[in-house]
Amino acid sequence: MSKEQKRMLIIVGAIELAILIFCLTISIIVLVTITDNQATNLSKNGQFIGTLQNTPVLFFCTIVLPLFIILVVDGVYLIVYSTRRQSALGNKEKEAIQEEAKRQAREELLKQLREEANGGEEPKE
C-alpha cells in the first residue's frame, strides 16, 4: 500500500470516526431527554433535538441510517480488501515451497516405481 493510499485511508477513517461520534452522541441525547409531550420536547430540548424526538422518521434518516451505511461500506471494503490482498510470502519463500513439493513428488514417484519393480510386494526384513 502506497503512502498516498495510507493517507487517504487515515483521512476516511477520521471522517467516519467523527460521524460515528456525532451520531451516537446525538442519539444518546435524544433518547435520554425525550418526554411524552411534543411541545415540551421543542421548548426544553431545543429545535434540533426536539424535532428529532418528535419525528422518528427524521431521526432514523439523519442519525441511524448513516450508521448503517458506514457499517455496510466498511464490511464491503473489508471483504474486497481481504480477497485482493497479496500473499505475505516473498518470491524466495514461494520458490523454496515449490522445490520442496517437487522433491516430495519425486520421492513418492520413486517409491511407487520401486514397488512396481518388486512386483507389488513389500520388501521383507
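**Exercise 1. Compare the span of helix 5 with its expected span, and describe what follows the helix.**

*Solution.* Helix 5 covers residues 91-117, a run of 27 residues. From its first C-alpha to its last it reaches 39 Å, close to the 39 Å expected at 1.5 Å a residue. These values belong to a predicted model. Just after helix 5 comes glycine 119, which takes a positive phi of about 80°.

**Exercise 2. Identify the salt bridges within helix 5 and state how they are connected.**

*Solution.* Step 1: the whole structure contains three salt bridges. Step 2: one of them joins glutamate 100 to arginine 103, with the closest N and O atoms 2.3 Å apart. Both residues lie in helix 5, three residues apart, about one turn of the helix. Step 3: arginine 103 also forms a salt bridge with glutamate 107, and here the closest N and O atoms are 2.3 Å apart. Because arginine 103 and glutamate 107 are four residues apart in helix 5, about one helical turn separates them. Step 4: Glu100, Arg103 and Glu107 are thus linked in a network of salt bridges. Step 5: partly exposed means between 20% and 50% relative accessible area. Glutamate 100, at 33%, therefore counts as partly exposed; arginine 103, at 34%, is partly exposed; and glutamate 107, at 44%, is partly exposed.

**Exercise 3. Describe the span of helix 1 and the salt bridge formed by glutamate 4.**

*Solution.* Step 1: the 30 residues of helix 1 should span 44 Å at 1.5 Å a residue, and the end C-alpha atoms are 43 Å apart, which agrees. Step 2: glutamate 4 forms a salt bridge with arginine 7, the closest N and O atoms being 3.4 Å apart. Since these two residues are three places apart in helix 1, about one helical turn separates glutamate 4 from arginine 7. Step 3: glutamate 4 has a relative accessibility of 51% and so counts as exposed, whereas arginine 7, at 48%, is partly exposed.

**Exercise 4. Determine which helices build the largest nonpolar core.**

*Solution.* Step 1: the core has eight residues, namely Cys23, Ile26, Val30, Ile49, Leu52, Phe59, Ile63 and Leu67. Step 2: at least two of these residues come from each of helix 1 (3-32), helix 3 (47-54) and helix 4 (56-84). Step 3: in helix 1, the buried residues are Glu16, Cys23, Ile26, Ser27 and Val30, and they pack against helix 3 and helix 4. Step 4: beyond its neighbours within four places in sequence, isoleucine 63 is in contact with Cys23, Ile26, Ser27 and Leu52.

**Exercise 5. Is glutamine 53 buried or exposed, and which residues does it contact?**

*Solution.* Glutamine 53 is placed in helix 3. Its relative accessibility is 8%, so glutamine 53 counts as buried. Apart from neighbours within four places in sequence, glutamine 53 is in contact with Ile29, Val30, Thr33, Ile34, Asn41 and Asn45.

**Exercise 6. Locate the nonpolar surface patch and examine two of its residues.**

*Solution.* Step 1: Phe60, Leu65, Phe68, Ile69, Leu71 and Val73 form a nonpolar patch on the surface, and together they have about 560 Å² of accessible area. Step 2: leucine 65 belongs to helix 4, and its relative accessibility of 31% makes it partly exposed. Step 3: valine 73 is also found in helix 4, and at 47% relative accessibility it counts as partly exposed. Step 4: leucine 65 and serine 2 are 63 residues apart in sequence, and their C-alpha atoms are 32 Å apart in space.

Methods: Residues are numbered from 1 along each chain as its sequence is written. This is a predicted model: local features need pLDDT of at least 70, side-chain atom pairs count only at pLDDT 80 or more; totals for chains, interfaces and linings use all residues. Side-chain values use heavy atoms; hydrogens and water are left out. A nonpolar core is a set of buried Ala, Val, Leu, Ile, Met, Phe, Trp, Tyr and Cys residues joined through side-chain atoms within 4.5 Å. Buried means under 20% relative accessible area, exposed over 50%, partly exposed in between (1.4 Å probe, protein chains only). Contact means heavy atoms within 4.5 Å. The expected span of a helix is 1.5 Å times one less than its number of residues. Patches are made of residues with over 30% relative accessible area and no salt bridge: like charges are joined within 9 Å, nonpolar side chains (Val, Leu, Ile, Met, Phe, Trp, Tyr) within 5 Å. Accessible areas come from the Shrake-Rupley method with a 1.4 Å probe; for residues, only the protein chains shown count as cover. A salt bridge is a side-chain nitrogen of Lys or Arg within 4 Å of a carboxyl oxygen of Asp or Glu.
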